[in-house]
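Dear colleague,

Please find below the structure I promised to pass on, followed by some notes on what turned up when I went through it.

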Amino acid sequence: VTERVDVVVVGSGAGGAPVAYALARAGAKVLVLEKGPRHQARDFLHDEISSCRRDFWVPFPEADPHTLRRSPDARAHETNAGWISQCVGGGTVHMSGFFFRFHPDDFRLRSKYGPLTGSTVTDWPIDYATLAPFYDRIERELGVSGDVSKNPFEPPRDGNLPYPPVATHPVARWIDQAGADLGLHPYPVPRAILTAPKDGRQACVYCPLCGSYGCEVDAKSSTLASLLPAAEATGSCEIRPGCMVFDIPLARAGHARGARYLDAEGREREVQADVVVVAASAIESARLLLLSRSGRFPGGLGHQNGQVGKNLCFSTLTKLEGFIPKARLSPARQAELMATAPFVGRAVQDFLHLEPEGETFGKGGTFHLLWAHPNPIYAAEKLIMDGDRLVWGGELMERMHRRFTEGRMLEVEGFSEWLPTPGCGVDLDPHARDRWGFPAARITVARHPSDRAASARLAREARRLLAAVGAEAIETLEVGGETWVLQTGTCRMGEDPKTSVVDPRGRVHGVPNVYVSDGAALPTSGAVPCTETILANALRIGEHLARTGANP
Ligand SMILES: Cc1cc2nc3c(=O)[nH]c(=O)nc-3n(C[C@H](O)[C@H](O)[C@H](O)COP(=O)(O)OP(=O)(O)OC[C@H]3O[C@@H](n4cnc5c(N)ncnc54)[C@H](O)[C@@H]3O)c2cc1C
């Protein structure tokens with residue numbers, strides 16, 4: 001007997017869960033097929049080795065590789081870059097949860113700044129106002145905390161965030177003061193973290209481990225803690241872990257029949273569905289469409305115009321660190337500096353727009369300040385070299401002792417546009433295969449010079465702020481870098497099938513019942529981390545489908 005549901009959703013992260021939630025609430029029978037396991041609170045150990053250095057969140061390249069190259073002529077090497085997660089809840093389970101809305105100009109980059117030579121930059125087919133109510137809903141239904149009234153650059157919105165900001169370290173006041181002296185406007189950074197209990201979930205307990213860790217009290221607003229249980233509570237949604245979808249087969253007249261997958265025991269299965277929603281992360285969604293070949297779509301589902309996998313963007317990363325030594329501070333300031341509160345909690349959006357200069361095109365970005373990640377091995381690794389000389393034994397211990405007791409390491413992370421370029425994308429690697437024998441996703445990175453120029457400007461401004469807060473030995477660690485876990489663009493949303501993969505409702509051009517609802521659909525990367533936008537857009541797509549059914 002072939003299984004039949006109304007809707008099958010591939011992936012349960014930021015792009016999949018809102019669609020499952022919206023449709024299950026509307027009464028559709030929804031099956032979520034998720035490749036990874038479903039973790040419980042007891043699985044979330046505060047252990048750097050298992051969480052950050054093994055394959056707990058993302059696969060080892062030997063088992064399930066991506067491949068990466070920086071020019072179309074190069075042979076790609078195997079990597080785990082570009083994997084966000086593999087578990088129920090996707091990357092939202094172990095994300096840091098810095099949550100921002102895109103700004104109105106992010107939806108109209110091409111018309112605001114004009115076509116840019118060397119970039120396939122485009123306007124979105126929807127505007128900020130269309131997404132605004134879905135941002136509101138996501139912030140309420142997942143639980144987002146912060147105080148955006150302090151951000152003069154916040155996009156238009158109805159009221160503040162639903163939860164007050166997380167408690168911050170005293171250094172936040174230093175940053176506010178230093179920022180004001182420089183004419184900047186640091187504000188409490190929005191977090192997908194509860195500061196009050198909600199629906200059986202606890203408020204944050206202020207352990208320092210958000211990014212790269214799961215939250216054992218469910219204060220982090222992952223889809224695992226929020227939308228997925230709400231979808232299941234309707235009685236209309238099943239989430240099936242351990243299921244790797246490898247094909248979306250076609251039936252009559254170009255409709256998809258459902259999904260073919262390997263279940264948790266490795267058995268091949270098929271589920272038939274009226275609607276298939278692909279939300280496997282930007283890279284993996286493109287891979288799944290490309291793997292889904294048929295007579296009608298010999299190059300892959302929706303790839304009739306060669307667009308699947310094009311326009312891949314990550315987020316351009318800027319990173320700095322500076323050490324605030326306590327030695328020259330008053331005893332009161334020393335006590336403040338060495339307080340153990342984990343959250344610095346300040347973001348700066350004064351540089352969303354830049355005066356065009358050199359290669360920048362006028363778009364800047366956002367940065368936020370945070371303590372260096374408390375992972376001990378990560379900290380030690382940064383201290384093991386003195387120029388070319390390896391430091392070890394007693395000398396390394398001494399260095400580590402000083403690093404943790406003589407002051408604090410303050411970091412800045414900045415996010416700015418990664419302009420889409422014709423050469424940046426995903427296709428199927430002709431050589432590398434995963435452990436089941438399916439071709440791996442091959443990532444080809446090609447950058448636009450403007451990315452680096454904008455990032456360099458952000459770095460300069462962030463450096464001034466760090467210095468004004470009292471940081472010394474400031475180092476710029478990344479300019480124009482890659483944030484592999486923030487990925488967009490590979491199934492671009494647009495009106496024109498010649499230049500996009502899905503229509504403005506997320507439906508694959510030329511295939512009436514297949515949708516893409518994750519980061520893949522976002523036409524540009526924004527000047528903030530993109531997860532809240534993925535969630536809001538997916539909720540929009542899900543509610544549209546709930547209204548129109550399988551035959552909109
Ligand atoms: C350490 C870390 C920190 C982060 N911090 C932030 C942050 O502070 N702010 C922010 O905005 N974003 C952050 N992110 C990024 C955020 O997690 C992603 O933007 C978001 O999860 C992407 O949503 P998605 O639905 O596109 O993909 P995912 O959330 O990755 O979901 C895709 C799901 O599909 C499943 N899947 C893949 N292939 C298949 C298949 N063939 N069959 C079945 N299932 C499949 C995967 O297992 C996965 O669970 C962070 C990510 C990480 C890893």
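**Helix α12 and the strands around β9**

In this predicted model, helix α12 is largely enclosed by the rest of the structure, because 15 of its 18 residues are buried, a residue being counted as buried when its relative accessible area is under 20%. The helix covers residues 531–548, and the 26 Å from its first C-alpha to its last is close to the 26 Å expected at 1.5 Å a residue. Just after α12 comes G549, which takes a positive phi of about 75°.

The other part that I would like to hand over concerns strand β9, which spans residues 268–278 and runs parallel to strand β1, residues 3–10, with 7 bridges joining the two. Within this pairing, V5 has A273 of β9 as its bridge partner.

Strand β9 also pairs with strand β8, residues 258–262, here in the antiparallel sense and over 5 bridges, and L262 finds its bridge partner in E268 of β9. These two strands, β8 and β9, form a hairpin with 5 residues between them, and in that hairpin G266 takes a positive phi near 85°.

A further pairing of β9 is with strand β19, residues 514–516, where 3 bridges link the strands in the parallel sense; in this case the bridge partner of V277 is Y515 of β19. Taken together, β9 is thus described here with a parallel pairing to β1, an antiparallel pairing to β8 and a parallel pairing to β19.

With best regards

Definitions and conventions. Residues are numbered from 1 along each chain as its sequence is written. This is a predicted model: local features need pLDDT of at least 70, side-chain atom pairs count only at pLDDT 80 or more; totals for chains, interfaces and linings use all residues. Side-chain values use heavy atoms; hydrogens and water are left out. Helices (H or I, at least four residues) and strands (E, at least two) are DSSP runs, numbered from the N terminus. The expected span of a helix is 1.5 Å times one less than its number of residues. Buried means under 20% relative accessible area, exposed over 50%, partly exposed in between (1.4 Å probe, protein chains only). Two strands pair if DSSP finds at least two bridges between them.
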